[in-house]
Amino acid sequence: LLRFLLLVIVGAIGATVACAEALGALRSRLAHRIASIDAMKERKVVGENNRGYLEARGSVAPADERVISDENADRREVYKAIAAQQKTDIEQVGRQRAQKIALTSTRGVWLQGPDGVWYQK
């Protein structure tokens, strides 16, 4: 029984360390993309939808598509972790994040309102 408990504790510590490392990598990727995303927003080729994700506004270059896709995948992971922590669903977390993004966005950024209508701040 003691060995079993020790294995469980060691496993939990290992999982916590792995989770912390994954979180650090996620934060790094999100931070690394900020300048590219801001540039796309300034060029009006991307906006923030009402679900907390980036959305292309028309046709975009393949490099921009990749940034949007990678960003949204990482945001989804963040929202999933928050949803698990708050015991809610990922969609609710995304909608709440979309509201915060809308409040803090700079002038001229494309945003999608809760009703689905796009507007520039």
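How many salt bridges does the count come to by the rule that a side-chain nitrogen of Lys or Arg lies within 4 Å of a carboxyl oxygen of Asp or Glu? The count comes to 10 salt bridges. This is a predicted model, in which local features need pLDDT of at least 70 and side-chain atom pairs count only at pLDDT 80 or more, while totals for chains, interfaces and linings use all residues. Residues are numbered from 1 along each chain as its sequence is written, and side-chain values use heavy atoms, with hydrogens and water left out.

**Salt bridges**

- Aspartate 74 pairs with arginine 29 in a salt bridge whose closest N and O atoms are 2.9 Å apart.
- Aspartate 74 lies in helix H2 and arginine 29 in helix H1 (helices being DSSP runs of H or I with at least four residues, strands runs of E with at least two, numbered from the N terminus), so the pair ties together parts that are 45 residues apart in sequence.
- Aspartate 74, at 6% relative accessibility, counts as buried (under 20% relative accessible area; exposed is over 50%, partly exposed in between, with a 1.4 Å probe and protein chains only), whereas arginine 29, at 38%, counts as partly exposed.
- Glutamate 48 forms a salt bridge with arginine 75, with 2.7 Å between the closest N and O atoms, and this pair links strand S1 to helix H2 across 27 residues.
- Salt bridges that share partners join Arg29, Arg33, Lys41, Glu48, Glu71, Asp74 and Arg75 into one network.

**Nonpolar core**

- The largest nonpolar core (buried Ala, Val, Leu, Ile, Met, Phe, Trp, Tyr and Cys residues joined through side-chain atoms within 4.5 Å) has eight residues, including Ile37, Met40, Leu54 and Ile68.
- Helix H1 (2-42) and helix H2 (62-86) each supply at least two residues of this core.
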